[in-house]
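The report below sets out how the chains of this assembly meet and then turns to selected elements within one of them.

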2 protein chains.
Amino acid sequence: MYNLLSGMRIVEGASFIAAPLCGLTFVQLGADVIRFDPIGGGPDFHRWPLAASGTSFYWEGLNKGKRSIAIDLAHPEGRELAVALIAAGGEAGGNFVTNYPADGFLAHERLVARRPDLITVRVTGSSDGRTAVDYTVNCATGYPYLTGPEDASGPVNHVLPAWDVTTGLTAAISLLAADRERRRSGKGCEIRVPLSDVAFATLGNLGHIAEVQTSSKDRPRVGNAVFGTFGRDFATADGRSVMIVAVTRRQWTALVEALELKEEIARLEQSVGADFAGDEGARFNHRAALFSLIAERMKTLTMPMLAALFSGTPVCWGEYQTVLEALRNDPRLSTENSLFASVAHASGASYLTPGFPGSVMSERRLPPPAAPSLGTHTDEILAEVLKLSSGEIGRLHDAGMVAGA
Amino acid sequence: MYNLLSGMRIVEGASFIAAPLCGLTFVQLGADVIRFDPIGGGPDFHRWPLAASGTSFYWEGLNKGKRSIAIDLAHPEGRELAVALIAAGGEAGGNFVTNYPADGFLAHERLVARRPDLITVRVTGSSDGRTAVDYTVNCATGYPYLTGPEDASGPVNHVLPAWDVTTGLTAAISLLAADRERRRSGKGCEIRVPLSDVAFATLGNLGHIAEVQTSSKDRPRVGNAVFGTFGRDFATADGRSVMIVAVTRRQWTALVEALELKEEIARLEQSVGADFAGDEGARFNHRAALFSLIAERMKTLTMPMLAALFSGTPVCWGEYQTVLEALRNDPRLSTENSLFASVAHASGASYLTPGFPGSVMSERRLPPPAAPSLGTHTDEILAEVLKLSSGEIGRLHDAGMVAGA
């Protein structure tokens, strides 16, 4: 948590990962983020993983530090409350993040009738208007045919919902850019961020579209090897796995030296006519020979031996670990890393909770906030933001238009 | 391309994906991005994929629309030019994106001596100071032990460098947030964004840390199934693969109806005592039975039959395709999608090139720009930004301090 964006208010009407992650990013940079949900929770309210109590760790993780109001969004009066919230907030407000349909009661054109300078950032599925989630976009990107063992026949899905995460971050960038422009022109806008456009744009930015379009050939599956350079997983003598990458000359030279393979590599270079230090493509093209040479050497080394050999060198490597192993052994996933604090959440559980993953070097990190219970801030928001009297708030509760925690 | 950030200038001294993607994002939103490189190119200048000409499609993809200046960064006079560039630019400038070491000539403390309101966003590897790239961070996140076939024994790497991409986007958010704060306080800052912190924070935001820490159990590998809900790949009668996901009640009900499996599902619900429509966790827990029921049905359907069955329903699905197949068949990866235009690049190749993946609904997209050749804008930048005379520029060329394209 930092205060870079304090004084900015975002209203979020959203579910799942992308749009809530956008809102979360604003929380972590100091903005006031008000999230409205249907009474009882939206479609993401029970998403796995769950706490033993049944609370969704997923919902909790994505909604930390937001203020929560629960509204009957099926009812016109409830919808009016949501619209009023989006339109409220004076100069601080006018920022709406959503994945609600573009043609419903939260259509931007309707909302601007209430607040002309509104910025709406709307996460959508497929750019052609079809419903899509991360996994039904990822299947279209070609990555599942590149991921997994070289001899795998079918597609291999990713587990990290990478398109959800990148779309959420792109939504945050969109809102910040639109806010900057509004300060200049006074004008808001709607920006739509389709998961599928984020995915295909990424393919383009990484040169993958150019590669395939100009060669009319798909990239082959290369297992755990890193395309176009030196990189793969290796097994150690004590049954651990490490990832080793040598993208630069310096990393390659250091690796060869640390593993005492200078002579063997020089012989191989001579026999195939390659310069592995100077040409990372050659390290990829001759990967079979290089992998087998290095794999042989790695089999003779335990993790502690390897760590000692690589320590203080520019070798680029890392040990594979499960999340449980990371929690037990990796200081980067502990309160030794100021990114994390142990926070008691509404689920009743206390666990390591991250703040913003960038570090503002001149500021002290504020502790990451807990997630709210659904509707915890209903009355506070109605009173403070919509200026409703306690009588009016009571009536809304009685009519079932809103609910508290 | 949009003009939301026109009037903003970013200086980029960076290589590989994350920091250059940050700069690219600013280009695509209308900022002037000046990238300096060592003469002959940095360590990413020959990164695969390559064009037939040897030009890096990767470098080209990540540096579209930037102005390029080539400088001898090993020489004090060249370094002074880079520092002068970072410090220049009046109110528009003062924004520096880099992955150069924090303790070298581009240390923030040194740069602020020249420009007190400077914002430096520095992408780093591991939060503990060690060198790291995407793949040596990913191995630490636990994902490689969750990715891939259920019976895989070792780690399975991702192919999309997801942490590079998310770190680049986080860097862009950091810069925009710091810029907003500077407009208020007049003060700049340095923000460091370690790949490993972005990765571990993502694990936390998705509830994964909470899950493992509170249960002291790692999540099991579940192949292509989507954790905690209904989702998997299925083979069709004509040898294609589709991804089907049912996260919501609506998606599940539509799927069961479209596949005419209401009776079979009802029988299964009765025999196991579950309500699949109302409980997505049950859809996951009983996935073996559900997958086999649906896989049987899918085997009787060809892709065209399936597309017809699902058309106009809320079923959430997508066809797996390679990049080549997408280029041939998917309108989302074509100039029918305004995200893309066919652009002639410095490599001599013309190919589909994406702009910003968000769509500003009230604006017309400007065409995505081509990548520069290395050093194309050297003289222009020296004259315009550093106000050097043509005599001085000539001397710098003669001394080998700078180079053109």
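## Interface and local architecture

In this predicted model, the contact between the two chains draws on 140 residues from chain B and 140 residues from chain A. The area buried between chain B and chain A comes to about 11800 Å², with carbon and sulfur atoms giving 68% of that area. On the chain B side, B:Trp48, B:Arg180 and B:Arg332 are the residues that lose the most area to chain A, and together they account for 7% of what that side buries. Of the interface residues of chain B, 100% are also interface residues in chain A, so the copies meet through the same surface.

Superposition describes the arrangement of the copies: a turn of 180° with a shift of 0.0 Å along the axis lays chain B on chain A with an RMSD of 0.0 Å. The two copies are therefore related as by a two-fold rotation axis. As for confidence, the model scores ipTM 0.99 and pTM 0.99, while chain A averages a pLDDT of 97, with 100% of its residues scoring at least 70.

Helix α8 of chain B, residues 208-215, has B:His208, B:Ile209, B:Ala210, B:Glu211 and B:Val212 as its buried residues. The cover over these buried residues includes elements from both chains, namely α2 (57-62), α14 (323-329), β10 (340-344) and β11 (350-354) of chain A together with α7 (195-205) of chain B. Just after α8(B), B:Ser216 takes a positive phi of about 55°.

Within chain B, an open sheet of 3 strands follows the order β7-β8-β9, and its pairing is antiparallel. The edges are formed by β7 (230-235) and β9 (316-319) of chain B, each of which has a single partner strand, so one side of each is left without a neighbour in the sheet. On average, and with direction ignored, neighbouring strands of this sheet are turned by 15° against each other. Between β7(B) and the antiparallel strand β8 (residues 241-246) of chain B there are 6 bridges, and the bridge partner of B:Phe230 in β8(B) is B:Ala246.

Two helices of chain B lie across strands of this sheet. Helix α9 (residues 249-258) lies across β7, β8 and β9 of chain B and runs at about 130° to β8(B), whereas helix α12 (residues 287-298) lies across β7 and β8 of chain B and runs at about 35° to β7(B).

Two individual residues of chain B are set side by side below, each with a C-alpha to C-alpha distance.

| Residue | Partner | Separation in sequence | C-alpha distance |
|---|---|---|---|
| B:Thr120 | B:Glu109 | 11 residues | 10.0 Å |
| B:Met303 | B:Gly239 | 64 residues | 8.6 Å |

B:Thr120 is found in strand β5 (residues 119-124) of chain B and, at 0% relative accessibility, counts as buried because the cut-off is under 20%. Not counting residues up to four places away in sequence, B:Thr120 touches B:Phe96, B:Thr98, B:His108, B:Leu111, B:Cys189, B:Glu190 and B:Ile191.

B:Met303 has its place in helix α13 (residues 303-310) of chain B and is buried, with a relative accessible area of 9%. When its neighbours within four places in sequence are left aside, B:Met303 is in contact with B:Thr236, B:Asp238, B:Arg240, B:Val242, B:Trp317 and B:Glu319.

Note on methods:
Residues are numbered from 1 along each chain as its sequence is written. Chains are lettered from A and ligands numbered from 1 in the order in which they are written. This is a predicted model: local features need pLDDT of at least 70, side-chain atom pairs count only at pLDDT 80 or more; totals for chains, interfaces and linings use all residues. Side-chain values use heavy atoms; hydrogens and water are left out. Two strands pair if DSSP finds at least two bridges between them. Helices (H or I, at least four residues) and strands (E, at least two) are DSSP runs, numbered from the N terminus. Axes are lines fitted to C-alpha atoms, for helices over the stretch in contact, and angles run from 0 to 180 degrees between N-to-C directions. Contact means heavy atoms within 4.5 Å. Copies are superposed by least squares on the C-alpha atoms of residues with pLDDT of at least 70 in both. Buried means under 20% relative accessible area, exposed over 50%, partly exposed in between (1.4 Å probe, protein chains only). pLDDT is the predictor's confidence in each residue, from 0 to 100. Buried area is the accessible area (1.4 Å probe) that two parts lose on being put together, summed over both.
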